[in-house]
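Student: Could we take a close look at a single part of this model together? I would enjoy one connected walk through it.

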Amino acid sequence: MRGVNAPCIEQNEFLGIGAATQGDSCMDLPILSPDYRPSDDGTYMSPTQLAYFRQKLAQWKAELLNESEDTLAALQEQSLSTPEAVERASMESDHALELCARDRARKLINKIDKAIARIDANEYGYCEESGEPIGLRRLEARPIATMSVEAQERHERAEKLHRDERRMT
């Protein structure tokens, strides 16, 4: 466990998520070895597992933010003052696709922030619908998951039924 601010601040600065403050919950999370992977052997959502997922989420967020900065720089460099209509239309289409991708990334960053907040509140890893564990394999594949596989399937079936009912009316 952490007893001082320095390791947490250094880790957060490295991950690009800002400096820690006295009240940050990462102060209670252990430092991980680079080859650590959560396993079913230990306690579900132990401090080590929470630290692992917090780090994974923070790295994912940092990657998305870097990609966003790169996209903005590329869009600013490209000029839409091309005289040929076909080239201009193609560039505008490319820009529109990039902006859609950036919007999806923005929404994903919001979900990542919410997952980190759930870690801070000790609510991470449990289904928001049933309260049951989501499972390490599912969280490893989709660390922003808020529902177990079963609850997600029920949710998607209900959504599909609702969509189908709206089409019929």
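Student: Are Phe53 and Tyr124 buried or exposed? Please start there and follow the helix that carries Phe53.

Tutor: Happy to! A word on the basis: this is a predicted model, in which local features need pLDDT of at least 70 and side-chain atom pairs count only at pLDDT 80 or more, while totals for chains, interfaces and linings use all residues. Residues are numbered from 1 along each chain as its sequence is written, and side-chain values use heavy atoms, with hydrogens and water left out.

Phe53 is buried, and Tyr124 is buried too; buried means under 20% relative accessible area, exposed over 50%, and partly exposed in between (1.4 Å probe, protein chains only). Their rings form a tilted aromatic pair, with 5.5 Å from centre to centre and 45° between the planes. For such pairs, ring centres of Phe, Tyr and Trp (its six-membered ring) lie within 6.5 Å; planes under 30 degrees apart count as stacked, over 60 as edge-to-face and the rest as tilted. Phe53 sits in helix α2 and Tyr124 in the loop between α3 and α4, so this pair links parts of the chain 71 residues apart. Helices here are DSSP runs (H or I, at least four residues), numbered from the N terminus. Ring pairs also join Tyr36 and Tyr52 with Phe53 and Tyr124 in a cluster.

Now the helix itself. The 31 residues of α2 (residues 47-77) should span 45 Å at 1.5 Å a residue, and the end C-alpha atoms are 45 Å apart, which agrees; the expected span is 1.5 Å times one less than the number of residues. Among the buried residues of α2 are Tyr52, Phe53, Leu57 and Leu64.

Phe53 and Leu57 are also among the residues with the most contacts inside the largest nonpolar core, which has 26 residues. Such a core is a set of buried Ala, Val, Leu, Ile, Met, Phe, Trp, Tyr and Cys residues joined through side-chain atoms within 4.5 Å. Helices α2, α3 (85-120) and α4 (136-141) each supply at least two of its residues, and α3 gives the most, with 7. Beyond its neighbours within four places in sequence, Leu57 is in contact (heavy atoms within 4.5 Å) with residues including Ile112, Tyr124 and Pro143.

Further along α2, Glu67 meets Arg102 in a salt bridge (4.0 Å, N to O), that is, a side-chain nitrogen of Lys or Arg within 4 Å of a carboxyl oxygen of Asp or Glu. Arg102 lies in α3, so the pair ties together parts 35 residues apart in sequence. Arg102 counts as buried at 15% relative accessibility, whereas Glu67 is partly exposed at 39%.
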